[in-house]
Every structure is written in structure tokens, then in C-alpha cells.
Amino acid sequence: MATSSFVFESAAQAAAVFGGDADGLVYSRFTNPTVQVFEKRLAALEQMQSCIAAASGMAAINLLFMGTMRSGEHLVCTRNMFGSTVNQVKNLLPRFGIETSWANSFEPDEWAGLINNKTRYLYLETPTNPLTEVADIKAIADVAHAAGVKLVVDNCFCTPALQKPALFGADVVIHSATKYLDGQGRCVGGAVVGSEELIEELTSYMRSVGPCMSPFNAWVFLKGLETLSLRMHQHSRNASVLADWLESHPAVSQVHYPGLSIHPQYALAKQQQKAAGGIVSFEIKGGTEAAWRTIDRTKLCSITANLGDSRTTITHNATTTHGRISAEDRQASGITDGLVRVSVGLEDVDDIQQDLDEALSAS
Ligand SMILES: *Cc1c(COP(=O)(O)O)cnc(C)c1O
């Protein structure tokens with residue numbers, strides 16, 4: 001509903017709703033009916049209690065950290081996270097006294113060893129961006145719970161249509177709705193999904209700070225949710241065809257896709273996800289120069305850092321999404337200069353394959 005605030009029957013009703021003594025809608029910064037429907041549906045899809053929508057995925061992540069953590073507390077994160085998440089955790093949170101330890105792998109023992117008595121959350125993405133490494137959510141949730149810590153999973157790549165982290169023990173799920181939940185590259189939005197208690201705490205923070213989702217965007221995302229399962233399965237089918245074909249392409253030295261039997265966590269992905277997802281990344285022989293040349297030669301693929309669109313998008317991560325990270329950190333995360341990420345769209349897969357083939361063969 002496109003309104004900033006809501007009208008009351010009487011002064012007494014206004015006072016009761018403002019004071020929290022009666023249920024009701026107050027102001028769209030923290031209560032809007034369209035946004036609330038989106039929150040309820042996303043929570044239901046994730047099979048979790050509650051959800052709060054935010055202005056973007058980054059706002060959702062910030063809401064969780066700033067809305068619940070205290071100065072002196074600590075996080076454990078994977079190095080292989082979305083670039084802006086790394087920046088927020090590494091450069092912003094220390095200003096508020098929150099320090100982070102970085103795990104180099106998804107080995108549960110490594111995560112257990114990084115927890116201290118100030119640790120509040122273990123935080124990961126699976127599959128990772130852009131290398132599609134798969135974390136064993138249950139194994140890391142067990143490590144978290146044994147230490148009295150909560151596990152947060154950014155479920156942007158799979159969406160609940162393919163993976164429900166709560167079923168494997170995750171306590172909090174993060175979404176960038178900008179990606180597959182919308183699915184057509186129209187709006188920016190995000191969400192935190194978790195227990196009623198957590199979302200209540202975040203709603204109070206939202207009321208004071210205000211990184212809220214616009215009702216119009218919530219309406220767009222609601223339309224996106226209606227086709228989510230259909231789209232995620234088709235993205236996965238197209239991506240599987242391309243990954244199989246790229247694996248034997250002479251210009252490509254390595255393909256990263258959880259649906260390939262050579263993927264190190266192929267079996268785990270099969271058990272944790274309903275399908276392998278729409279993101280394929282691959283290393284082109286010849287570094288940045290060859291990668292840029294290939295990208296520039298594509299005609300059907302859009303050159304953009306966005307992903308999760310119905311249209312195929314192509315990205316050179318080392319110079320865009322991960323460009324602000326030091327070369328050393330990039331190397332440690334395996335983001336090589338020849339790496340290209342394709343967010344495989346819903347076009348006819350033969351057309352996508354032909355476009356990539358022409359671009360690769362000319363190099
Ligand atoms: C895009 C993305 C985000 C950030 O979301 P925005 O909506 O762009 O703010 C967070 N996590 C992952 C995995 C993403 O791909």
C-alpha cells in the first residue's frame with residue numbers, strides 16, 4: 001500500500017497503537033501492509049518464524065549486526081563472501097568495536113577454533129560467490145550451537161526454492177531480494193529471517209534507524225515469489241547444460257558449479273539443495289585480458305555485476321565486485337584474474353551457449 005502513514009479512528013486509538021498497547025499500522029518506516037505480506041511469505045518459504053524486510057541486502061545485513069550486536073562482541077565469517085559484506089564487516093564494524101575472525105575453509109574444526117567467549121554469530125554464504133563452494137550448514141550449525149552461538153546463512157544464491165537453511169539448523173537467514181526473489185532486475189531490497197524474538201528486536205531498531213523496504217518494491221517482490229520455484233529450477237537446468245559444455249571447452253581451464261560431479265562438494269550440494277542453482281563461474285586461460293575480451297564479445301549476455309536476473313549476466317569479479325578488496329585477499333579467496341561469473345538466465349540455453357561459444361572461440 002503506497003502510503004507513508006495511517007489514519008486512526010480517534011486520538012485514543014492513535015495513542016494505543018503508538019504505545020504498542022493495540023495492534024495497528026503506524027507509519028511505513030516500520031509497519032506497511034504490503035511489506036508485511038512479503039515478510040510473512042518469505043518467512044513461510046524459509047520455514048522460519050518471522051522476517052523483517054529492508055531497503056537492500058546490505059541494509060538487511062547491517063540491520064542484523066547493528067541491531068543486535070554490542071561493542072566488544074565478535075563474528076566469525078568466511079573469507080568467501082559478497083564483496084560489500086566483506087567491506088561492511090572489515091571496515092565498518094570495527095568502528096563500533098566489533099571484530100571478526102576469518103575462516104579460510106568450511107572445515108567445522110576451523111570454525112570451532114575461531115570462536116571465543118565474545119562470539120555472537122558465525123556467518124556464511126553457500127554456495128559462495130563467485131566460486132560456488134558449498135558449506136555443510138548442519139555441521140557448522142552444530143559447531144555454533146555447541147558454543148552457544150547463532151549461525152547466519154546468506155541464502156541469496158539458492159533462495160528457499162532450492163535450499164532452506166533453517167532445516168539444517170541455521171538460526172538466521174539473510175536475503176538480497178534484489179537478486180532471484182525479484183528475478184527480473186527491477187528493484188533493490190533485502191530481508192532478515194529468524195525467530196520472533198530476533199525480528200522484534202530488529203523492528204525496534206528499524207523504527208529508530210529506518211532502512212526500510214518501499215511498499216512498491218515489496219509488491220514487485222511478491223510477484224517475484226509467485227514464480228520463484230519455476231524460475232530457480234529453470235535457471236539450474238540452463239546452468240547445468242552450460243557448465244557441462246564449458247568443462248570441455250579448450251579456452252577454459254576450470255569450471256565452478258555445484259552440479260558438476262568434479263565439484264568438491266557435489267554430494268553435499270545434492271543433499272542440501274534441490275538443484276545446483278543458476279551461477280556458473282569459470283576461468284578463462286589468459287587472465288584479465290582474455291576475460292575482458294571474452295566478456296566484450298558477448299552479445300546476448302549483459303555486462304553487469306548484478307545476478308539472479310531472467311537475462312544472462314556476465315561479470316569479471318576481480319575488477320568489479322571484488323575490485324575494492326586487496327589483491328592479496330582476492331588471491332586468498334581464489335578470485336583469479338581469468339575468472340568470469342555467469343548468472344545464467346532464462347533464455348533458450350542454446351542461445352546462451354552459442355553467444356559464449358562465439359565470444360570464447362574468437363579469443
Ligand atoms: C547482492 C548480494 C548482497 C547485497 O544485496 P544488495 O541488495 O545488493 O544490497 C548480499 N549477499 C549476496 C550473496 C549478494 O549476492
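**Ligand site, helix packing and unusual backbone spots**

In this predicted model, an oxygen atom of the ligand sits 2.7 Å from an N or O atom in the side chain of Lys179. The side chain of Thr178 does something similar, with an N or O atom 2.6 Å from an oxygen atom of the ligand. Gly57 joins in through its backbone, where an N or O atom lies 2.8 Å from a ligand oxygen atom. On its own the ligand has 380 Å² of accessible area, and the protein covers 91% of that.

Besides Gly57, Thr178 and Lys179, the residues around the ligand are Ser56, Met58, Phe82, Glu125, Asp154, Cys156, Ser176 and Gly189. Sorted by class, this shell comes out as 5 polar, 3 nonpolar and 3 charged residues.

Some of these names turn up again in the helices. Helix α3 covers residues 57–68 and helix α4 residues 83–92; their axes come within 10 Å and cross at roughly 35 degrees. The crossing is right-handed. On the α3 side, the contact is made by Met58, Ile61, Asn62 and Phe65, while α4 brings Ser84, Thr85, Gln88, Val89 and Leu92. Met58, then, belongs to this helix contact and is also one of the residues around the ligand. The α3–α4 contact is a mix of 5 nonpolar and 4 polar residues, with no charged ones.

A second helix pair, α2 (residues 33–46) and α9 (residues 215–226), packs at an angle of about 35 degrees with the axes 8 Å apart. Here the crossing is left-handed. From α2, the contact takes in Thr34, Val35, Val37, Phe38, Arg41, Leu42 and Leu45; α9 answers with Pro215, Ala218, Trp219, Phe221, Leu222 and Leu225. By class, that makes 11 nonpolar residues, 1 polar and 1 charged.

The backbone has a few oddities too. Just past α2, in the loop between α2 and β1 (50–54), is Gln47. Gln47 is not a glycine, yet its phi is positive, at about 55 degrees.

The loop between β4 (119–125) and α6 (137–146) is where Pro127 lies, and the peptide bond leading to Pro127 from Thr126 is cis, with omega near -5 degrees. Pro130 has its place in the loop between β4 and α6 as well; a cis peptide bond joins Asn129 to Pro130, with omega about 0 degrees. Thr132 is also found in the loop between β4 and α6, and although Thr132 is not a glycine, it has a positive phi of about 55 degrees.

Definitions and conventions. Residues are numbered from 1 along each chain as its sequence is written. This is a predicted model: local features need pLDDT of at least 70, side-chain atom pairs count only at pLDDT 80 or more; totals for chains, interfaces and linings use all residues. Side-chain values use heavy atoms; hydrogens and water are left out. Axes are lines fitted to C-alpha atoms, for helices over the stretch in contact, and angles run from 0 to 180 degrees between N-to-C directions. Helices (H or I, at least four residues) and strands (E, at least two) are DSSP runs, numbered from the N terminus. A crossing is left-handed if the near helix is turned anticlockwise from the far one by less than a right angle, and right-handed if clockwise. Contact means heavy atoms within 4.5 Å. Ala, Val, Leu, Ile, Met, Phe, Trp, Tyr, Cys and Pro count as nonpolar, Asp, Glu, Lys and Arg as charged, and the others, Gly among them, as polar. A residue is near a molecule or strand if one of its heavy atoms lies within 4 Å of it. A polar contact is a pair of N or O atoms within 3.5 Å; within protein, one must be able to donate a hydrogen and the other to accept it, and residues adjacent in sequence count only if both atoms are side-chain atoms. Accessible areas come from the Shrake-Rupley method with a 1.4 Å probe; for residues, only the protein chains shown count as cover.
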